[in-house]
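Please open the model in your viewer and keep the sequence panel beside it, since each stop below begins with a selection. The tour starts with the whole chain and then moves from residue to residue.

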Amino acid sequence: MAIESFNGADRIDIGNGKELDLYHADGVSITVVRGNGQTVVLRNFQDGDMISGDKTNNKLESLSDPQGSSAGSVSGDRLGTMNSTLQQGSSSNELMSDMYNGDEVFSLWVRYGHEKFGGDHCMIQKAPTSNFGKSVPVRQWNIQVFDYDYDGNYRN
């Protein structure tokens, strides 16, 4: 059995041209840099996804006329959104609340292996829905990224 490095995880050759890719959640780095320069690694997430990122609008818009002529437009729009759900009592949740209440612009980057996404100019869109009940309470933070970037071939 051969093991080789693959995108921050392990790729295992299981034979017959098939591979098994292993993901290690503890290898994901989710870093906030506040306006004052303080760097904080987010922790204490919900059970499930830690964070997600998405470009708001398409990079490419295209059209085709009835005779089959096509045209395309590459947009410089860099808006994106990121969502993270944190445990209500965590220091990471307190940080997000402080940044929300202070209308703070901050940097947020997610890195894993050779993949990186985020931006240097982010703000929290709105306060999270706040609920309490039988389960551990969580808070979902919706973050607007004004200069969203995704790089699947990131090299440090």
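What follows is a walk through a predicted model, from overall features to single side chains.

**The whole chain**

Begin with a cartoon view of the protein chain, in which you should be able to pick out one helix and 13 strands. Reading along the sequence gives the pattern β-β-β-β-β-β-β-β-β-α-β-β-β-β, so the helix comes after β9 and is followed by four further strands, as that pattern shows.

Next, orient the chain along its principal axes, where the C-alpha atoms fill a box of roughly 55 × 50 × 35 Å. The radius of gyration is 19 Å, whereas a compact globule of 156 residues would have one near 15 Å. If you colour by accessibility, buried residues make up 30% of the 156 residues, and the chain exposes about 10,000 Å², of which carbon and sulfur atoms supply 45%. Colouring by charge brings up 13 positive and 21 negative side chains, and the centres of these two sets lie 3 Å apart. For a contact map, take the contacts between residues at least 6 apart in sequence: 59% of them join residues at least 24 apart.

**Arginine 34**

Now select arginine 34, which is found in the loop between β4 (29-33) and β5 (39-41). Is this residue buried or exposed? Its relative accessible area is 17%, and because buried means under 20%, arginine 34 counts as buried. Show the side chain of glutamate 104 as well, and you will find a polar contact of 2.8 Å joining the side chains of arginine 34 and glutamate 104. Once residues up to four places away in sequence are set aside, arginine 34 touches Leu95, Asp98, Met99, Glu104 and Phe106.

**Serine 90 and asparagine 44**

Move on to serine 90, in the loop between β9 (80-87) and α1 (91-101). Serine 90 is buried, with a relative accessible area of 6%, and its side chain reaches the backbone oxygen of glutamine 87 at 2.8 Å. Which residues does serine 90 touch, not counting those up to four places away in sequence? They are Arg43 and Asn44.

Asparagine 44 is therefore a natural next selection, as one of the residues that serine 90 touches within the 4.5 Å contact cut-off. Asparagine 44 sits in the loop between β5 and β6 (51-55), and with a relative accessible area of 37% this residue is partly exposed. Check its backbone torsions too, as asparagine 44 has a positive phi of about 60 degrees although it is not a glycine.

**Asparagine 16**

Most residues other than glycine have a negative phi. With that in mind, select asparagine 16, where phi is near 55 degrees, a positive value in a residue other than glycine. Asparagine 16 has its place in the loop between β2 (9-15) and β3 (18-22), and at 80% relative accessibility it counts as exposed.

**Glycine 53**

From there, go to glycine 53, which lies in strand β6 and is partly exposed, with a relative accessible area of 33%. Leaving aside neighbours within four places in sequence, glycine 53 is in contact with Thr81, Met82, Phe117 and Tyr148. Add tyrosine 150 to the selection and draw a C-alpha to C-alpha distance: glycine 53 and tyrosine 150 are 97 residues apart in sequence and 8.9 Å apart in space.

**Aspartate 151**

Finish at aspartate 151, in strand β13 (residues 149-151), a partly exposed residue with a relative accessible area of 28%. Which backbone nitrogens lie at listed distances from a polar atom of the side chain of aspartate 151? That of asparagine 153 lies 2.8 Å from such an atom, and that of tyrosine 154 lies 3.2 Å from one.

To see what else surrounds the residue, hide its neighbours within four places in sequence, and aspartate 151 is then in contact with His114, Glu115 and Lys116. Of these, lysine 116 is worth a distance label, given that aspartate 151 and lysine 116 are 35 residues apart in sequence and 5.3 Å apart in space, C-alpha to C-alpha.

Conventions
Residues are numbered from 1 along each chain as its sequence is written. This is a predicted model: local features need pLDDT of at least 70, side-chain atom pairs count only at pLDDT 80 or more; totals for chains, interfaces and linings use all residues. Side-chain values use heavy atoms; hydrogens and water are left out. Helices (H or I, at least four residues) and strands (E, at least two) are DSSP runs, numbered from the N terminus. The radius of gyration is taken over C-alpha atoms; the globule rule is 2.2 Å times the number of residues to the power 0.38. Buried means under 20% relative accessible area, exposed over 50%, partly exposed in between (1.4 Å probe, protein chains only). Accessible areas come from the Shrake-Rupley method with a 1.4 Å probe; for residues, only the protein chains shown count as cover. Lys and Arg count as positive and Asp and Glu as negative; His and the chain ends are not counted. The place of a charge is taken as NZ of Lys, CZ of Arg, CG of Asp or CD of Glu. A polar contact is a pair of N or O atoms within 3.5 Å; within protein, one must be able to donate a hydrogen and the other to accept it, and residues adjacent in sequence count only if both atoms are side-chain atoms.
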